Amino acid sequence: GEALVGMGDGSDVLLRRGDAFPEDAPEGPIFVCTRNDALKDVIAMVPKARHEDLVFIQNGALLPFIENELGAGVPVSVLLVYFAVAKKGDPPLDGKTDTDPKGLTAVNATGKWAKAIQSRLESSDLSCRFLEEPSFTQAYWEKNMWIAAYMLVGALHGGCTVGEVESEHRAEVDALIGELATALTAFDPDLKWERALLFDRLAAYARSVAHFPTAVKEFEWRNGAFYDLTLRAEAAGRADPCPRHTEGLRTLDVLPS
């Protein structure tokens, strides 16, 4: 949150958890910089007339949650963040990789404040792609596949780092990503990937954050989105489209009871 304030023009108001939404809040984007489990409370404190100003920056499968909480058609902004702050007070480091040297961070073109968000980041020397559909939804699912696959494979190998997953277990993580991508395409035919490019792009990002630890957490928001595809298939009498994913979750004993 403080990093985004630092990118602004000085007119931003920084609210901390528990603060009331100010009656005289300035017009503009409302960046929601909190954990996923606090999102409902944040939405509840923001006046309905300002819901379209919300900017969500959390990891995970947010889109169904947003539509469920706000309704369809509200032009909220969703920022897929690939920049990181090493520690409080440090400048953010852009998520540029050898396969995507122009950066991976992206915002949905349908968001009310998408252009303003892009300008804010670019004025701070951070990249930001402005994506129309279906490119944005595809980028959204790519990030979710990276989180679900790299975290699961790492957890299955003792919680090794993301870099170790990429360098030592590449075939395993690529197979899992391929499985998840196939399941997504079956669910939404507009989502299409050239597998080799997808694997290389996600591996390149893993190398750029090689020191990150791995763990399966925030199940509802991360791996749960793909397990939901498994449950839907089973309910329809079809085979599990993500058997590697399901087996990994069972091995770690993280499936909901």
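In this predicted model, 42 residues line the largest pocket, and those nearest its centre are Asn 59, Val 81, Phe 83, Ala 84 and Val 85. The pocket has a volume of about 1500 Å³. Its lining is a mix of 21 nonpolar, ten polar and eleven charged residues. Helix H1 (2–6), H5 and H8 each supply at least two residues of that lining, and the largest share, four residues, comes from H5.

The second largest pocket holds about 1000 Å³ of space. Val 13, Leu 14, Leu 15, Ile 30 and Phe 31 are the closest to its centre among the 38 residues that line it. Two or more lining residues come from each of H1, strand S1 (30–32), helix H2 (39–45) and H4. By class, 22 of the lining residues are nonpolar, six are polar and ten are charged.

Now for the enclosed space. How many cavities of 30 Å³ or more does a search of the whole structure find? The search finds one, and about 50 Å³ of space lies in it. Its lining is made of Gln 58, Asn 59, Gly 60, Leu 62, Val 78, Leu 80, Tyr 140, Lys 143 and Asn 144. Asn 59 therefore appears in two linings, since an atom within 4 Å of a grid point is what counts: Asn 59 lines the largest cavity and is also one of the residues nearest the centre of the largest pocket. Strand S3 (77–80) and helix H5 (135–156) each give at least two residues to the cavity lining, with H5 supplying the largest share, three residues.

Here are the three spaces set out together.

| Space | Volume | Nonpolar lining residues | Polar lining residues | Charged lining residues |
|---|---|---|---|---|
| Largest pocket | about 1500 Å³ | 21 | ten | eleven |
| Second largest pocket | about 1000 Å³ | 22 | six | ten |
| Largest cavity | about 50 Å³ | four | four | one |

Next, the packing of the interior. Nonpolar side chains tend to be buried together in soluble globular proteins. The largest nonpolar core here has 63 residues, and those with the most contacts inside it are Leu 54, Phe 56, Trp 141, Met 145, Trp 146, Tyr 150 and Ile 177. Which element gives the most to this core? It is H5, with 14 residues. A second, separate core has 14 residues, including Met 7, Val 55, Val 107 and Ile 117.

Leu 54 is worth a click in your viewer. Leaving aside residues up to four places away in sequence, Leu 54 touches Ile 30, Val 32, Ile 43, Val 46, Leu 70, Val 76 and Ser 77. One of these contacts, Ile 30, is also among the residues closest to the centre of the second largest pocket.

The aromatic rings come next. A pair of aromatic rings is described by the distance of the centres and the angle of the planes. The count in this model comes to seven aromatic pairs. One of them joins Phe 65 and Trp 221, with 5.1 Å centre to centre and 70 degrees between the planes, an edge-to-face arrangement. This pair links distant parts of the chain: Phe 65 belongs to helix H3 (residues 63–70), while Trp 221 sits in the loop between helix H8 (195–208) and helix H9 (223–235), 156 residues apart. Both Phe 65 and Trp 221 are buried.

Why is the pair of Tyr 140 and Trp 141 edge-to-face? The ring centres of Tyr 140 and Trp 141 are 5.1 Å apart and the planes stand at 75 degrees, so the pair falls in that class, for which the angle has to be over 60 degrees. Tyr 140 and Trp 141 are both buried. Tyr 140 is one of the residues lining the cavity, and Trp 141 is among those with the most contacts in the largest core. Elsewhere, ring pairs link Tyr 82, Trp 146, Tyr 150 and Tyr 205 into a cluster.

Finally, a few backbone details to check. The peptide bond from Glu 133 to Pro 134 is cis, with omega near 5 degrees, and Pro 134 is found in the loop between strand S5 (129–131) and H5. Asp 125 is a residue other than glycine with a positive phi, near 65 degrees. Asp 125 lies in the loop between helix H4 (114–122) and S5. Is Asp 125 buried or exposed? Its relative accessible area is 68%, so Asp 125 is exposed, the cut-off being over 50%. Glu 218, also not a glycine, has a positive phi of about 45 degrees and is placed in the loop between H8 and H9. With 21% relative accessibility, Glu 218 counts as partly exposed.

Key. Residues numbered from 1 in each chain as written. Predicted model: local features only at pLDDT ≥ 70, side-chain atom pairs only at ≥ 80, totals over all residues. Heavy atoms only, no water. 1 Å grid on protein atoms, 1.4 Å probe; cavity = no way out; pocket = protein on both sides within 12 Å on 5 of 7 lines; lining within 4 Å. Points joined across faces, edges and corners; volume = space filled by probe spheres on them. Nonpolar A, V, L, I, M, F, W, Y, C, P; charged D, E, K, R; others polar. Core = buried A, V, L, I, M, F, W, Y, C linked by side-chain atoms within 4.5 Å. Buried < 20%, exposed > 50% of the residue type's maximum accessible area, 1.4 Å probe, protein only. Contact = heavy atoms within 4.5 Å. Phe/Tyr/Trp six-rings, centres within 6.5 Å; stacked < 30°, edge-to-face > 60°.
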